[in-house]
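Please open the model in your viewer and keep the selection tool at hand. The tour below moves from one selection to the next and says what can be found at each stop.

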Amino acid sequence: MDDAVTPARLRDFLEDVRVLAQAAQSAHPEQEPGVAPLLPLLTAHLGLDPRTFAVHTLELPVLRRVDTDVAVAAVVGEDPAARLVGVGGGEQRMHMSLSEILQHAGSWPGQFPVGPVDYHRAATGPSTSRQTVAFGLHLWHADGVPVVLLQRRASMRHNGAPVLEVLCPSDDVAGALLTRVRAEMDARSTLRGQVVTFSGSPFDPGEAGVVHVPRPSVPREDVVLPAGTLERIERQVLGVARHRDALRAAGQHLKRGVLLYGPPGTGKTHTVRHLVGASPGVTVTLLSGQALQLVTVAAETARALQPAMVVLEDCDLVAEDRSLTGGTPVLFEVLDALDGLAADADVTFLLTTNRADVLEPALAQRPGRVDLAVEVPLPDAPGRRRLFRLYAADLPFTPDALDAAAEATAGMTASFVKEAIRRAVLLAAEDGRHVGDDDLASAVQEMTGDSERITRSLLGVGAGADV
Ligand code: ADP
């Protein structure tokens, strides 16, 4: 038999394929072969055309995306016959509400067929994750009533927030269901006892996410502050938690606001890291920059998941910013969130700023939010001696060399001291030697010299500070 592909045979073959495709198309004019349309499936489940139902919508905070998935799974999972189906139709469904999808599915059955469920793997801890439903329809019965729930991880129409849309013949069942989802989110929260911060812009739909960070471990000996300073901060933050019951019994409130202020590089963040590390099991949300706008949600979450801590870093940077909603200065939103919580909530708000002067008028206008303001100053001579010893660790510097370095660095910050030690090690390494006292002296001399004015400023040392 001759197997050669001649142009004539190829033409005949392609013509056969075309006829076959046309026949398939005319048999199901608006439907891809083998794909079920959405409306009949939902109608069969609900017993009525879903387009006649009111849609109950619940928008949830971005911070609670994974909790939303956990709560929905728990509620839906109570019906062993529950089903989860996806919706085909590409990007367009992302931009439509459930009722719009249903209207379109009615007019063009092929546009939104039943399809695969979209999943998204999301972090539940520094090294754990969970497969979450990114776009899917749950079909089940709650108290014998049929329910359809569209679950989206990030809705384009709601600034990337997770959204639930419910179809149910009973409005009461739909309402009760969404209330239960909210309760389960708190009861089963994956944020409880975790330290979380935000990645990207919380306002970039779909992209922003919660980042779980390992709880830091900074021993108190490594925090070098003037005598009594760390003790005062610890008493307010850790002490109140420790004596929670005694305080409550005596009718005292637990909620506390602590402000750490001082020049950059003096250890405000360092102190925060120590406090977070010393609070195992406490739920911590770290907000800085634009994420400070999430303070209201963070405060609500903290209340639900207490004991909790909300860290608001560099608050002065948002003093001038207006929030996206309402145009209130973000700083006031931050301060109002501090006030919004019940007094007996075991929640600490930790604020840091390099510019107490910017914050003070706002705090004075909203009194009672911060119960302790502590200055984290430039280290004094004894402080610098401790810092040089701390960061020299096991390096072979003599006590005299360390003291001389401390003497020569008046007005410098703690981060400057840390960098001076590294510079000394680097100078020695470049010369192929073990580090010694001379390297430390050279490093300090270099870094305090005229040519490194900008370096000093970047390490937090004020432009005017001279040695
Ligand atoms: P700030 O938040 O005040 O701008 P940081 O806490 O970020 O300063 O300081 C930067 C680094 O310098 C810290 O990670 C720490 O290693 C070191 N450091 C700063 N202050 C101190 C301090 N008081 N005691 C010990 N180390 C410090």
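A polar contact, as the term is used here, is a pair of N or O atoms within 3.5 Å. The model on your screen is a predicted one, and the tour begins at its ligand.

Select the ligand first, together with the residues around it, which number 18; among these, V224, G265, K268, T269 and Y391 come nearest to the ligand. If you colour this shell by residue class, you should find that it divides into 9 nonpolar, 6 polar and 3 charged residues.

Next, show the polar contacts one at a time. Start with Y391, where a polar side-chain atom lies 2.6 Å from a nitrogen atom of the ligand. Then turn to K418, whose side chain has an N or O atom 2.9 Å from an oxygen atom of the ligand. At H270 look at the backbone instead, since a polar backbone atom of this residue is 2.8 Å from an oxygen atom of the ligand. How much of the ligand does the protein bury? Taken alone, the ligand exposes 550 Å², and the protein buries 83% of that area.

Now display the surface of the protein and look for the second largest pocket, which is where the ligand sits. To see what surrounds the ligand there, select the helices α8 (268-277), α12 (381-392) and α14 (414-430), each of which supplies at least two residues of the shell. Colouring by domain adds a further view, in which domain 2 (211-375) and domain 3 (381-458) each give at least three residues to the shell.

Two stops on the backbone remain. Select Q306 and P307, and inspect the peptide bond that leads from Q306 to P307, which is cis, with omega near 5°; P307 itself lies in the loop between α9 (295-304) and β12 (308-313). Finally, go to D143, in the loop between β5 (128-142) and β6 (145-152), where phi is near 50°, a positive value in a residue other than glycine.

Note on methods
Residues are numbered from 1 along each chain as its sequence is written. This is a predicted model: local features need pLDDT of at least 70, side-chain atom pairs count only at pLDDT 80 or more; totals for chains, interfaces and linings use all residues. Side-chain values use heavy atoms; hydrogens and water are left out. A residue is near a molecule or strand if one of its heavy atoms lies within 4 Å of it. A polar contact is a pair of N or O atoms within 3.5 Å; within protein, one must be able to donate a hydrogen and the other to accept it, and residues adjacent in sequence count only if both atoms are side-chain atoms. Accessible areas come from the Shrake-Rupley method with a 1.4 Å probe; for residues, only the protein chains shown count as cover. On a 1 Å grid over the protein atoms alone, a cavity is a set of points where a 1.4 Å probe fits but cannot get out, and a pocket is an open set with protein on both sides within 12 Å along at least five of seven lines; lining residues have an atom within 4 Å of a point. A molecule sits in a cavity or pocket if more than half of its atoms lie within 2 Å of its grid points. Helices (H or I, at least four residues) and strands (E, at least two) are DSSP runs, numbered from the N terminus. Ala, Val, Leu, Ile, Met, Phe, Trp, Tyr, Cys and Pro count as nonpolar, Asp, Glu, Lys and Arg as charged, and the others, Gly among them, as polar. Domain bounds come from an automatic or database domain assignment.
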